[in-house]
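Here is a brief report on helix packing, nonpolar cores and one loop residue. The structure comes next.

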Amino acid sequence: MEIDPFIFRLSIFILSIFIGYYVVWSVTPSLHTPLMSVTNAISSVIIVGAIIAALAGSPNNIFDISSIFGFLAIVLAAVNIFGGFLVTQRMLQMYKKKKNNKK
Amino acid sequence: MISANLSAIFYLISGILFILALRGLSSPDTSRQGNYFGVIGMVIAIAVTFLSIGNFSTSIIYVFLLLIFGGAVGSFIAFRIPMTAMPELVAGFHSLVGLAAVFVAIAAFLNPSAFNLGSIGDIKLASLIEMSIGAAVGAITFSGSIIAFLKLRGIMSGAPITFAGQHYLNLILGITIFVLIFYLCKSQSETFFWTVIAISFLVGVLLIIPIGGADMPVVISMLNSYSGWAAAGIGFTLENTALIITGALVGSSGAILSYIMCKAMNRSFISVILGGFGADNSSSATKDKQDQKPVKSGNAEDAAFLMKNASSVIIVPGYGMAVAQAQHALREMVDKLKKNDIKVTYAIHPVAGRMPGHMNVLLAEANVPYDEVFELEDINNDFANSDVAFVIGANDVTNPVAKTDPKSPIFGMPVLDVEKCKSVLFVKRSLSPGYAGIDNELFYRDNTLMLFADAKKMTEDIVKNLD
């Protein structure tokens, strides 16, 4: 009897929920806003699906309907990745400045 | 071209880096390192995707151009956005994740062979279920976040929009989505797929319009959670571990934040979802009665005098401070007080502002050291031993009614015990009630001095008077 690969993915999913649960509870409340912006950025890893879709067009028609949706998703996810990580960095930088001032 | 096994391992590594990115946020010192882990994880995931495809057509040029275009737009926004607008920004970003999930699901549905999911009209059953759930949750995230964005931005009124039978309608639409997915699996028909997405967009709107402005911190956290589940749904479709791990992390992160926010307002998650909070006028009777009570009001000079003669001051900032952009003036005031050897600390209620941790970021922006900023449970006992509480832009989170009046809509909500201070300075533009629509008993206390003015202007005037 072979185990369906879906079950493996489900196991990863459920274990990750537990990891997420413990990791997020340990986040200090003062960093909850950066937490939201960074989760935003990392959930844009959905771009991997967008890239596969965009590159799947046939050589003589690279803009078939499915790849167009891929291209659009790339733009959306890219805005999020760059915007999310940079704005998080900008916020975290402000938490640093004061430390230095105090020293 | 790398093998599927190798790329799966790289996706796992990028998933682990994302876990470390969140782990870093457990303290400000490790947070920046965490963010770099996140960036590295993202770079690995994208690089591996390119390598695993291998045979590039000319379309790769467009992929890079669009990546750069999207990246430039994102960077521009990230550098230009004022910190006070973070809630809108996050809501806007959530909507993009949601829409991207919908688009990827559509692309997979229209060209399943590109993702090894079967062929058109004969998509694997599990994949079809996964992609329609991903698309549905993504669509709800998208339209819900757009409504949240419009409300936060003030383009749409923050007042809850309710109508008869609203919840039944949502329930029916929710069931319809599941029925349609069932028929989609049986028939593989495109029509069902598009209908599922269309109804989900509608559900997203209907879910968020009844929720009032005061509940926005919960809404944002909730949408954060949805965007994670949408990503996980797509992750199952694409059989991609990086996406599954990330989706689970983000999903549970948003869920925990929603829980924390609900708890801070002593409201159940269900009652927030059902909405309508802040719309009832049941408290108007008590308001009329209290309007006749005397209110002591003062000016900047009085406030400066009180604070100069204090030995400890606790500052209670709220959303009004963000609206008035008073955080920099506030910091100036605190600097002056500190020069006079007055101990100054900040007390932050978990739901102050329009999103979790919003006040902390604004104070950080104004260079307030984070070790002077305390959470509710850490500072609440200090009010009794302090001379002055300076409430700036906060209202409902200081209302003693939450402790005394079981009939009040905010009864049981943990509040900051500002009234225990020897004197309370309350900066506010008028006596109008806060978002919960209830009068604040604090205004009429003997030890309260109301400072009626714009928060920024008042703080600047106090600074002048402190010299």
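Helices α8 (residues 216-238) and α9 (residues 241-264) of chain B cross at roughly 160°, and are therefore roughly antiparallel (angles over 145 degrees). Their axes, lines fitted to C-alpha atoms over the stretch in contact, come within 7 Å. The crossing of α8(B) past α9(B) is left-handed. Helices here are DSSP runs of H or I with at least four residues.

The residues of this helix contact divide by class as follows.

| Class in the α8(B)–α9(B) contact | Residues |
|---|---|
| Nonpolar | 17 |
| Polar | twelve |
| Charged | none |

This is a predicted model: local features need pLDDT of at least 70, side-chain atom pairs count only at pLDDT 80 or more, and totals for chains, interfaces and linings use all residues. Residues are numbered from 1 along each chain, chains are lettered from A in the order written, and side-chain values use heavy atoms, without hydrogens and water.

Now the cores. A nonpolar core joins buried nonpolar residues through side-chain atoms within 4.5 Å; buried means under 20% relative accessible area with a 1.4 Å probe. The largest one has 188 residues. B:Met333 and B:Phe383 are among those with the most contacts inside it. Helix α4 (residues 86-110) of chain B gives the most, with 18 residues. A second, separate core has five residues, including A:Phe13 and B:Ile244.

B:Met333 touches B:Ile315, B:Phe390 and B:Ile462, among others (heavy atoms within 4.5 Å, residues up to four places away in sequence not counted).

A:Ser26 sits in the loop between α1 (5-25) and α2 (32-43) of chain A. Its relative accessibility is 29%, so A:Ser26 counts as partly exposed (between 20% and 50%). A:Ser26 touches B:Arg23 and B:Ser26.

Conventions:
Helices (H or I, at least four residues) and strands (E, at least two) are DSSP runs, numbered from the N terminus. Axes are lines fitted to C-alpha atoms, for helices over the stretch in contact, and angles run from 0 to 180 degrees between N-to-C directions. Angles under 35 degrees count as roughly parallel, over 145 as roughly antiparallel, 65 to 115 as roughly perpendicular and the rest as oblique. A crossing is left-handed if the near helix is turned anticlockwise from the far one by less than a right angle, and right-handed if clockwise. Ala, Val, Leu, Ile, Met, Phe, Trp, Tyr, Cys and Pro count as nonpolar, Asp, Glu, Lys and Arg as charged, and the others, Gly among them, as polar.
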